[in-house]
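Trainee: I am new to this structure and would be grateful for a close look at one part of it. Please take one residue as the starting point and follow its surroundings from there.

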Amino acid sequence: MQTRTLGRQGPVVSALGLGCMGMSAFYGGGRDDAESIAVIHRALDLGVDLLDTADIYGPHTNEVLVGRAIADRRQRVFLATKFGIRLDPGNPAARGADGRPEYVIASCEASLKRLGVEHIDLYYQHRVDPNVPIEDTVGAMSRLVEQGKVRFLGLSEAAAGTIRRAHAVHPITAVQTEYSLWTRDPESNDVLATTRELGIGFVPYSPLGRGFLTGAIRSPEDFDADDYRRRSPRFLGDNFARNLALVDKVRAMAAAKGVTASQLALAWVLAQGDDLVPIPGTKRIAFLEENLGALDVHLTPDELDQIDAVFPPDAAAGARYPDAPMALVNG
């Protein structure tokens, strides 16, 4: 397994991680915990050590699942989880951010219990709370490090200025945000430039565009009734058709190179810098193995230019989240 270092002074992890969210939440299709655990075990056997979950996934059930999967192999895992998004029990579509210090402490204790571990390797604030100074939130997170409950700190979907303020309180090891061929915001909003300046690792989630860049999704009807992508702007109406035309161009380029669309899309992310550690998610062993094949795909400068020509920044149609979740990003 190829490895990369998370940040200038951070830990060494597998060059590709595994996002575990879809095993328990959001993408529909029901749950098969036995198969998901088999995927996690196969990932570990192939050298993947970075596993990514969050308390909101399920909610809570994904942490329990991951905890079960790693119970007898904890030493082989670099475990990342997140706190900071609160759901409204009466309205699952409503959500808010909570960065209060007391909430940080309580969330960590709850995650440790669900995961069945004594410490979390990388603890992210999932969304920045606009009502709580980031200094207060990260201050509470740093106390968890002092207590040995957390090893490294991270932020998810934070703005460049927020990252700077947080890093001044306690070293931030990783920033996680959506980044892929069809979501290149970190290039234009200074987030990627800021992490590189400060020596912070960058963890792209949804590097396959929530499955869309694989080319397997051909119609909105391919989604199950409970799949949140049915409500996501990029998968609706004319946006879907416009984005599918872009994906078909990626598929054609992948076929010409003798790789899959997934492998080409992941190889593009990996080629953006050694400070990036993408975390594609899957709940199928075959797709896991296909994704890992991207590590062997080399893209020449000419090929990278060709990809940019057919899928330039801002080419994707539609916002990446519905209005309410979108309001919580770039905080």
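Does Glu63 count as buried or exposed?

Mentor: Glu63 counts as buried, because its relative accessibility is 0%; the word buried stands for a relative accessible area under 20%, exposed for over 50%, and partly exposed for what lies in between (1.4 Å probe, protein chains only). The model is predicted, so local features need pLDDT of at least 70 and side-chain atom pairs pLDDT 80 or more, while totals for chains, interfaces and linings use all residues. Residues are numbered from 1 along each chain as its sequence is written, and side-chain values use heavy atoms, without hydrogens or water.

The side chain of Glu63 has a charged partner: with Arg114 it forms a salt bridge, at 2.7 Å from N to O (a side-chain nitrogen of Lys or Arg within 4 Å of a carboxyl oxygen of Asp or Glu). This bridge joins distant parts of the chain, since Glu63 belongs to helix 2 (residues 61–70) and Arg114 to helix 3 (residues 101–115), with their positions 51 residues apart. Helices (H or I, at least four residues) and strands (E, at least two) are DSSP runs, numbered from the N terminus. The total for the structure is 28 salt bridges.

From helix 3 the path leads to helix 4 (residues 134–146): the two axes come within 8 Å and cross at roughly 35°. Axes are lines fitted to C-alpha atoms, for helices over the stretch in contact, and angles run from 0 to 180 degrees between N-to-C directions. Helix 3 contributes Pro101, Val104, Ile105 and Cys108 to this contact, and helix 4 contributes Asp136, Thr137, Ala140, Met141, Arg143 and Leu144 (contact means heavy atoms within 4.5 Å).

Helix 4 also meets the strands, for it lies across strand 5, strand 8 and strand 9, and its direction is at about 155° to that of strand 9. Ser142 is a residue of helix 4. With 10% relative accessibility, Ser142 counts as buried. When residues up to four places away in sequence are set aside, Ser142 touches Leu153 and His170.

The strands that helix 4 crosses belong to an open sheet of seven strands with parallel pairing, in the order 3-4-5-8-9-10-11. Strand 3 (18–19) and strand 11 stand at the edges; each has a single partner strand, so one side of each lacks a neighbour in the sheet. Two strands pair if DSSP finds at least two bridges between them. Further in, strand 5 pairs with strand 8 in the parallel sense over four bridges, and Ala80 stands opposite Leu122 in strand 8. Strand 8 in turn runs parallel to strand 9, with five bridges joining the two; here Leu122 faces Phe152 of strand 9. Six of the seven residues of strand 9 (residues 150–156) are buried, so the rest of the structure largely encloses this strand. Four bridges then join strand 9 to strand 10, again in parallel, and Gly154 is opposite Ala174 of strand 10. In strand 10, seven of the seven residues are buried, so this strand too is largely enclosed by the rest of the structure.

Strand 8 holds a further salt bridge. Asp121 pairs with Arg74, the closest N and O atoms being 3.1 Å apart. This pair again links distant parts of the chain, 47 residues apart: Arg74 lies in the loop between helix 2 and strand 5 (78–83), and Asp121 in strand 8 (residues 120–125). Both ends are buried, Arg74 with a relative accessible area of 15% and Asp121 with one of 2%.

Strand 10 offers a similar case. Glu178 forms a salt bridge with Arg210, with 3.0 Å between the closest N and O atoms. Arg210 is in the loop between strand 11 (201–205) and helix 8 (237–257), Glu178 is in strand 10 (residues 172–178), and the two are 32 residues apart. Arg210 counts as buried at 6% relative accessibility, and Glu178 is buried with a relative accessible area of 1%. Both take part in a network of salt bridges that also links Glu157, Asp185 and Arg320. Thr177, likewise placed in strand 10, is buried with a relative accessible area of 5%. Leaving out residues up to four places away in sequence, Thr177 touches Glu157, Pro186, Phe202, Val203, Pro204, Tyr205 and Arg320.
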